[in-house]
Amino acid sequence: MTWGVAAWLWLLCVAAAGAETLTLATYNLGNYTLANRRLADGGFRPDYPKPEDEKAALRAVIRAMDADVIALQEIGGPGFLAELRRDLAREGVSYPHGEAPMGPDTARGLGVLSRVPLGRVTLHADLVTKRA
């Protein structure tokens, strides 16, 4: 888990401290965006959306998690989060609150699905991280 995701989860816990029970989860969506993809038939497509069967599998996992708040990795931004929320709602899974601010990686970033109001969401673009 990245420090950014850990920080989001901590802030959400603090924000929801008054709740009796809050279930948190984190989930890497594996490039829920446009990406270069190798297809099942052996073909290759640049800037191709995540295949519908993979999206359906992700939604099944999210449905089974039944978490109040899910921190997401590798979401393509607000439009892709809106699509995921819409498709989940069509399947009876409601996450009325969500954010997917874009950071330095303009292709994919972090997002959150929530059943509880988020309050204020701030993108800290000036954080410095070190890789070993």
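Strand 1 and strand 4 run parallel, and six bridges join them. One of the matched positions is Thr26, whose bridge partner in strand 4 is Ala71. The model is predicted, so every local feature described here rests on a pLDDT of at least 70.

Strand 4 has a second partner. Six bridges also join strand 4 to strand 6, but these two strands run antiparallel. Here Leu72 is matched with Gly111 of strand 6. Strand 4 is also well covered. Six of its seven residues are buried, so the rest of the structure largely encloses this strand.

Next comes the far side of strand 6. Strand 6 covers residues 109–114 and pairs with strand 5 in the antiparallel sense, over three bridges. Glu99 has Val112 of strand 6 as its bridge partner. Put together, these pairings give an open sheet of four strands in the order 1-4-6-5, with mixed pairing. Strand 1 and strand 5 (97–99) are the edge strands, and each pairs on one side only. On average, neighbouring strands of this sheet are turned by 20° against each other, with direction ignored.

A helix packs on this sheet. Helix 2 lies across strand 1, strand 4 and strand 6. Relative to strand 1, helix 2 runs at about 180°.

Which elements feed the nonpolar core? The largest such core has 17 residues. Strand 1 (24–32), helix 2 (52–65), strand 4 (69–75) and helix 3 (78–90) each give two or more residues to this core. Strand 1 supplies the largest share, four residues. Leu29, Ile62, Ile70, Leu72, Leu84 and Leu113 have the most contacts inside the core.

Ile70 shows what one of these positions looks like up close. Residues up to four places away in sequence are not counted here. Beyond them, Ile70 touches Ala25, Tyr27, Ile62, Met65, Tyr95, Gly111, Val112 and Leu113. Two of these, Ile62 and Leu113, are also on the list of residues with the most contacts inside the core.

Now turn to helix 3. Where does Phe80 find an aromatic partner? A search of the whole structure finds one aromatic pair. That pair is Tyr32 with Phe80, in an edge-to-face arrangement. The ring centres are 6.4 Å apart, with 85° between the planes. Tyr32 lies in strand 1 and Phe80 in helix 3, so the pair ties together parts that are 48 residues apart in sequence. The two partners differ in cover. Tyr32 is buried, with a relative accessible area of 1%. Phe80 is partly exposed, at 22%.

Tyr32 has a further link to helix 3. Asp87 is found in that helix. Leaving aside neighbours within four places in sequence, Asp87 is in contact with Tyr32 and Arg59. Is this acidic residue buried or exposed? Asp87 has 10% relative accessibility, so it counts as buried, because the cut-off for buried is under 20%.

Strands 2 and 3 form a separate hairpin topic. Strand 2 (residues 35–38) and strand 3 (residues 44–48) pair in the antiparallel sense over three bridges. Arg38 has Phe44 of strand 3 as its bridge partner. Five residues sit between the strands of this hairpin, and Gly42 takes a positive phi near 90°. Strand 2 has two distinct faces. Ala35 and Arg37 make up the covered face. Asn36 and Arg38 make up the uncovered one.

Finally, step back to the whole chain. The protein has three helices and six strands. Read along the sequence, they follow the pattern α-β-β-β-α-β-α-β-β. Of the 132 residues, 32% count as buried. The accessible surface comes to about 8,300 Å², and 55% of that belongs to carbon and sulfur atoms. What share of contacts spans a long stretch of sequence? Among contacts with a separation of 6 or more, 58% join residues 24 or more positions apart.

Notes. Residues numbered from 1 in each chain as written. Predicted model: local features only at pLDDT ≥ 70, side-chain atom pairs only at ≥ 80, totals over all residues. Heavy atoms only, no water. Buried < 20%, exposed > 50% of the residue type's maximum accessible area, 1.4 Å probe, protein only. Pairing = 2+ DSSP bridges. Core = buried A, V, L, I, M, F, W, Y, C linked by side-chain atoms within 4.5 Å. Contact = heavy atoms within 4.5 Å. Axes fitted to C-alpha atoms, helices over the stretch in contact; angles between N-to-C directions. Areas by Shrake-Rupley, 256 points an atom, 1.4 Å probe, with all protein chains shown as cover. Phe/Tyr/Trp six-rings, centres within 6.5 Å; stacked < 30°, edge-to-face > 60°.
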